[in-house]
Amino acid sequence: MEQTLALPHGTLAWDDVGPRQSGLVVVLVHGFPHDRGLWSAQVAAHASVFPESRLLLPDLPGFGRSTPLTTPSMDGYADAIAAMLDAAGVTTAVIGGLSMGGYVALAFWRRHAHRVRALMLMDTRAPGDSDEARAKRRDMIATVTRDGAGAIVPGLLSQQLGPTTRSSNPALMAQVEVLLRRAPAIGVIGAATAMMDRVDSTPTLETITVPTLVLVGEEDTLTPVTDAVVLSSAIRGSRLVTVAAAGHLSPLEQPKVVNAAIAEFLDVSGLF
Ligand code: MLT
């Protein structure tokens, strides 16, 4: 299931799930500071919900088993995904991403639009960082440099999971804590720097010509429903789905609802 590729900067690792001969390839790009483990609920449901598709789940450079880029950037992450598609023998795919993964999906669209069959933008936003957000990133980088990546885990855990999950799903809290705790400091610092420097993707939205799903947890405070509405109103013909009782990590917090939304989107877009 795990595949790897040697790139000039080091190794890129991903999971390849489902039939190799499938005509429908779906790439799911994790958020910050996760790895492909973010998609465990989609992998678990693959055989029943997306049986005819092939899922490719990369560890972005610097996370999981992928080597950090020398100079991390959303464009660099997008190009790593293009290299993964080449290595997997895939020409075009549905590109989905959560939060930072959504920033990468939009960069992928700018750089490799001809390879995109559809986009799935989950719990994410288009604009670049405000001055205030950049200042918070600098503080985070200083904390991780001084105290290690574990120091930011408690804050992320409460920000990323919605109140419903926090009050009623201790097992998922524990699972997400494990995910957050294995993020390496070098990956965290690299991705925080790359997000701080990312371009505003707002002008990109009107260039999108493929079917697009915009999905957001109703309890997401990091990239709230208002951000999703802005995304969806600017992308022609896009489909907006809000997920009740989910925060920023909706694919893990409400997997059945999110899996059904993805399957329905792929179906109505004529991709299955
Ligand atoms: C994420 O989940 O990837 C982050 O919330 C994105 C960000 O910090 O902008």
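A polar contact is a pair of N or O atoms within 3.5 Å; inside the protein, one of the two must be able to donate a hydrogen and the other to accept it. Keep that in mind as you work through these exercises on a predicted model.

**Exercise 1. Find the polar partners of Glu253, and decide whether Glu253 has a salt bridge or lacks one.**

Step 1: Place the residue. Glu253 belongs to helix α12, which covers residues 250-253.

Step 2: Look for polar contacts. A polar atom of the Glu253 side chain lies 3.0 Å from the backbone nitrogen of Gly247. The backbone nitrogen of His248 is also reached by this side chain, at 3.5 Å.

Step 3: Check for a charged partner. A salt bridge needs a side-chain nitrogen of Lys or Arg within 4 Å of a carboxyl oxygen of Asp or Glu. For Glu253, the nearest side chain of opposite charge is that of Arg166, 7.3 Å away. Glu253 is therefore without a salt bridge, although it is buried.

Step 4: Add the wider surroundings. Setting aside neighbours within four places in sequence, Glu253 is in contact with Gln160, Leu161, Gly162, Thr165, Leu172, Ala246, Gly247 and His248.

**Exercise 2. Describe what surrounds the ligand and how much of the ligand the protein covers.**

Step 1: List the residues. Around the ligand you will find Gly31, Phe32, Ser99, Met100, Tyr103, Arg125, Arg137, Gln160, Met195 and His248. His248 may look familiar, since the side chain of Glu253 reaches its backbone nitrogen.

Step 2: Pick out polar contacts to ligand oxygen atoms.
- Phe32 places a backbone N or O atom 2.8 Å from a ligand oxygen.
- Ser99 uses an N or O atom of its side chain, 3.0 Å from an oxygen of the ligand.
- Met100 has a polar backbone atom 2.9 Å from a ligand oxygen.

Step 3: Work out the cover. On its own, the ligand has 270 Å² of accessible area, and the protein covers 90% of it.

**Exercise 3. Say what stands out in the backbone at Pro33, Ser99 and Ala245.**

Step 1: Recall the usual pattern. Most residues other than glycine have a negative phi, and most peptide bonds are trans.

Step 2: Look at Pro33, in the loop between β3 (24-29) and α1 (40-44). The peptide bond leading from Phe32 to Pro33 is cis, with omega near -10 degrees. Phe32 is also one of the residues around the ligand.

Step 3: Turn to Ser99, in the loop between β5 (93-98) and α4 (100-112). Its phi is positive, about 55 degrees, although Ser99 is not a glycine. Ser99 counts as buried because its relative accessible area is 8%, under the 20% limit.

Step 4: Finish with Ala245, in the loop between β8 (239-243) and α12. Ala245 also has a positive phi, near 60 degrees. With a relative accessible area of 24%, Ala245 is partly exposed.

**Exercise 4. Locate Thr67 and name what its side chain reaches.**

Step 1: Find the loop. Thr67 sits between β4 (53-58) and α3 (74-88).

Step 2: Judge its exposure. A relative accessible area of 27% makes Thr67 partly exposed.

Step 3: Gather its contacts. Not counting residues up to four places away in sequence, Thr67 touches His9, Gly10, Thr11, Pro61 and Gly62. Among these, Thr11 has its backbone nitrogen reached by the Thr67 side chain at 2.8 Å.

Key. Residues numbered from 1 in each chain as written. Predicted model: local features only at pLDDT ≥ 70, side-chain atom pairs only at ≥ 80, totals over all residues. Heavy atoms only, no water. Helix = DSSP H or I, 4+ residues; strand = E, 2+ residues; numbered from the N terminus. Buried < 20%, exposed > 50% of the residue type's maximum accessible area, 1.4 Å probe, protein only. Lys, Arg positive; Asp, Glu negative; His and termini not counted. Contact = heavy atoms within 4.5 Å. Near = heavy atom within 4 Å. Areas by Shrake-Rupley, 256 points an atom, 1.4 Å probe, with all protein chains shown as cover.
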